[in-house]
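Here is a short briefing to read alongside the sequence and the model. Keep both in view while going through the points.

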Amino acid sequence: MASLKELKGRINSVKSTQKITKAKQMVAAAKLRKAQAAAESARPYAARLAEVMGSLASKITVSENSPKLLAGTGSDQVHLLVVANSDKGLCGAFNSNIVRAARAKAKELEAQGKTVLFYLIGRKGRAVIKREYPKQIVHMFDTTGVREAGFNEAEQVADELVAMYDQGKFDIAHLFYAKFRSALVQEPTSQQIIPVPAPAAGAVKGGDAVTEYEPEEEEILAALLPRYLKTQIFGALLENAASEQGASMTAMDNATRNAGDLINKLTIQYNRSRQAAITTELVEIIAGAEAL
Amino acid sequence: MALHFELVTPAKLVRSEDVHMVVVPGTEGEFGVLAGHAPFMSTIADGALKVYKTENGAPEEIRITGGFAEVGDAGLTVLAEHVEA
């Protein structure tokens, strides 16, 4: 049985833990709102670009002369898994869920005899993947220098990916991130980003007027493909940021509640042992008095 | 008649307003867009957009990089990767 002093110490330590988790929860809630707003304001660009890509793609048939980013290398031997994680912890199973999805995909591809490479964004997923696939990590993109991953980071990632693709280092790239559904639900998602999946041809709008292109459709498409890739990665980073905060909020809410439960339990235990000590003392006094 | 002009970057919608004319530095030459322009798509060289709020007013310049212009029934939409106000 722990002494009264020990119990008091534990109650205090749990209380200060609770303060930390509560603060982190509130910070996450505020950041979540910001991340959601950022995701919201990125939507018009992505939507417009997808629209343009759709209408361009509907006019062009994919052939051998199409840009490699669209048509592929003609092989599917080497797969690159781009895994986006967060830099900070305290967000529950957020990072491990993404890593698990990536690992499942890696296993599946390796079972088919494909080569799997990793490109990691963010700090948190590194250790796990490094342990299991130490030789297959191509690059670890560092986002610890910036407060929030923004379009500049997405641009750098996309440029590196395209450069590697042009050098023939991989044939197909998949992107892993967590899609934000709500503060409670974040879905680990995998998405093929290279070759760019042909966007669904949108309903042609603009009436009967024939759109003129300058330069030719194919050249515009070739210029837009890398941008489309950047937008996709940017979108994924934003979703990831929102998901991280959501997961963090939920995890910290749970932690705060658990700490509260623990404090209640410890307090009851503390009171019991205090009462027991008092009772023993009384019994001793009474027994002593009676003996006289 | 006013031209509806939208300037969008990946981070946000920078402009959405009605203007008189916008001169765009297309990769194959500058072109001006007035209201009622025929549907048109072009990539944009890195440079300055000239926005004329009124017919005789002085143009406002917006420097953009990595741009793409689309003219449709809804007006002119410029997608740019980076914008310097």
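The points below cover an annotated domain, strand pairing, salt bridges and a surface patch. The model is predicted. Over all chains, the count of salt bridges comes to 14.

**Annotated domain in chain B**

- An unreviewed UniProt entry places the feature "domain: ATP synthase F1 complex delta/epsilon subunit N-terminal" at residues 3-82 of chain B.
- Over residues 3-82, chain B is 70% strand and 0% helix.
- The C-alpha atoms at the two ends of this stretch are 23 Å apart.

**Strand 1 of chain B and its partners**

- Strand 1 of chain B covers residues 3-8, and five of its six residues are buried, so this strand is largely enclosed by the rest of the structure.
- Strand 1 runs antiparallel to strand 2 (residues 13-19) of chain B, and six bridges join the two.
- A hairpin of four residues connects strand 1 to strand 2 of chain B.
- Within this pairing, E6(B) has S16(B) in strand 2 as its bridge partner.
- Strand 1 also pairs with strand 8 (residues 75-84) of chain B, here in the parallel sense and over four bridges.
- The bridge partner of L7(B) in strand 8 is V78(B).

**Salt bridges in chain A**

- K114(A) and D76(A) form a salt bridge through their side chains, at 3.7 Å from N to O.
- This pair links distant parts of the chain, 38 residues apart: K114(A) is in the loop between helix 3 and strand 2 of chain A, and D76(A) is in the loop between helix 2 and strand 1 of chain A.
- K114(A) counts as buried because its relative accessible area is 18%, under the 20% cut-off.
- D76(A) is partly exposed, at 37% relative accessibility.
- Another salt bridge joins E155(A) and K230(A), whose closest N and O atoms are 3.7 Å apart.
- E155(A) lies in helix 5 (residues 151-166) and K230(A) in helix 6 of chain A, so this salt bridge ties together parts that are 75 residues apart in sequence.
- Both E155(A) and K230(A) are buried.

**Salt bridges in chain B**

- The side chains of R15(B) and E17(B) meet in a salt bridge, with 3.3 Å from N to O.
- R15(B) and E17(B) belong to a network of salt bridges that also links K53(B) and E60(B).

**Nonpolar patch on chain A**

- I278(A), L282(A), I285(A) and I286(A) form a nonpolar patch on the surface.
- Together these residues have about 380 Å² of accessible area.
- I286(A) is located in helix 6 (residues 217-291) of chain A.
- With 48% relative accessibility, I286(A) counts as partly exposed.

Technical notes. Residues are numbered from 1 along each chain as its sequence is written. Chains are lettered from A and ligands numbered from 1 in the order in which they are written. This is a predicted model: local features need pLDDT of at least 70, side-chain atom pairs count only at pLDDT 80 or more; totals for chains, interfaces and linings use all residues. Side-chain values use heavy atoms; hydrogens and water are left out. UniProt positions are given in the numbering used here, feature names are shortened, and annotations may be inferred rather than shown by experiment. Patches are made of residues with over 30% relative accessible area and no salt bridge: like charges are joined within 9 Å, nonpolar side chains (Val, Leu, Ile, Met, Phe, Trp, Tyr) within 5 Å. Accessible areas come from the Shrake-Rupley method with a 1.4 Å probe; for residues, only the protein chains shown count as cover. A salt bridge is a side-chain nitrogen of Lys or Arg within 4 Å of a carboxyl oxygen of Asp or Glu. Buried means under 20% relative accessible area, exposed over 50%, partly exposed in between (1.4 Å probe, protein chains only). Two strands pair if DSSP finds at least two bridges between them.
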